[in-house]
Amino acid sequence: MNLIKSWSNQYLEAGCDEAGRGCLCGPVVAAAVILGDNFHHEMVNDSKKLTLKTRLDLESFIKDNVREYAVAEISPAFIDQHNILNASIHAMHMALDQLTTPPELILVDGNRFHPYNFIPHQCIVQGDSKILSIAAASILAKNHRDRLMMKLHEEFPQYGWNTNMGYATREHQRALNKFGPTIHHRRSFRLNYEELFDEVGGEGQNRRIP
């Protein structure tokens, strides 16, 4: 199914999405994308629904064919200080700051956003599987963050970040229990993952410290 290219059909739109919000470590990354008038690719979709190869192929197409794009990242220290929601939104603001053409409408994946430069915005739940510009942003953010985690993996290979990308997999939990957290872990998230895994009943989930 093709995604919707324009939400408003009259305003210059920028789609925004983030990657890494639910991770235990590493930055949260956001992207902003303004589509070109003739942009079309039937494979562009929510990054979580795509294979690595497809995402990488689409990244080149997106960068070559959209009107504008930008990517920004926020450190774990900022996340710990301001919480993950505010950090994710701030990353989107930073990506929007880099666009040379101000959008007239901002489309955001999810249900929360902070006003940006008096520009109207629309929050869209599961927007990355509905709106083409948000889906494109999700691909750019995901690929950018994955590359960062693969680079960090070279420094800390015991955590398996080259495959789990910082999410709370069994491998990551076991490494945390054995080696403890690194400078890249988010200290505002609970780091006793054996207990956490039993509590939530599945991997890839986390909770913040109350």
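# A first look at a predicted protein model

K178 sits in helix α6 (residues 170-179); helices (H or I, at least four residues) and strands (E, at least two) are DSSP runs, numbered from the N terminus. K178 is exposed, since its relative accessible area comes to 66% (exposed is over 50%, buried under 20%, partly exposed in between, with a 1.4 Å probe and protein chains only). Look back 20 residues along the chain and you reach Q158, whose C-alpha atom is 9.6 Å from that of K178.

Before going further, a word on what you're looking at. This is a predicted model, where local features need pLDDT of at least 70 and side-chain atom pairs count only at 80 or more, while totals for chains, interfaces and linings use all residues. Residues are numbered from 1 along each chain as its sequence is written, and side-chain values use heavy atoms, leaving out hydrogens and water.

How confident is the predictor? The average pLDDT (confidence in each residue, from 0 to 100) is 90 for the protein, and 90% of the residues score at least 70. The stretch to treat with care is residues 196-210, where pLDDT stays under 50. Even so, the model gives that stretch 33 contacts (heavy atoms within 4.5 Å) beyond four places in sequence. Where pLDDT is low, the predicted coordinates shouldn't be read in detail.

Now for the overall layout. The protein is built from 7 helices and 5 strands. Walk along from the N terminus and you'll meet the elements as β-β-α-β-α-α-β-β-α-α-α-α. Of its 210 residues, 51% count as buried. If you take contacts between residues at least 6 apart in sequence, 63% of them join residues at least 24 apart.

Here are four residues worth clicking on, each with its place and its relative accessible area:

| Residue | Where to find it | Relative accessible area |
|---|---|---|
| N9 | segment before β1 (13-19) | 66%, exposed |
| N83 | loop between α2 (76-82) and α3 | 26%, partly exposed |
| S88 | helix α3 (residues 84-97) | 2%, buried |
| K178 | helix α6 (residues 170-179) | 66%, exposed |

Two of these have a backbone quirk. N9 isn't a glycine, yet its phi is positive, near 65°. N83 isn't a glycine either, and its phi is about 80°, again a positive value.

S88 has company. Setting aside its neighbours within four places in sequence, S88 is in contact with E18, R21, V28 and A30. S88 counts as buried because its relative accessibility is 2%.

E18 turns up again at the largest pocket. Of the 14 residues that line this pocket, E18, A19, G20, K48 and Y167 lie nearest its centre. The elements that give the lining two or more residues are β1 and α4 (132-155), and β1 gives the most, with 3 residues. A pocket here is an open set of points on a 1 Å grid over the protein atoms alone where a 1.4 Å probe fits, with protein on both sides within 12 Å along at least five of seven lines; lining residues have an atom within 4 Å of a point.

What kinds of residues make up that lining? They divide into 8 charged, 4 polar and 2 nonpolar (Asp, Glu, Lys and Arg count as charged; Ala, Val, Leu, Ile, Met, Phe, Trp, Tyr, Cys and Pro as nonpolar; the others, Gly among them, as polar).

Key: pLDDT = per-residue confidence, 0-100.
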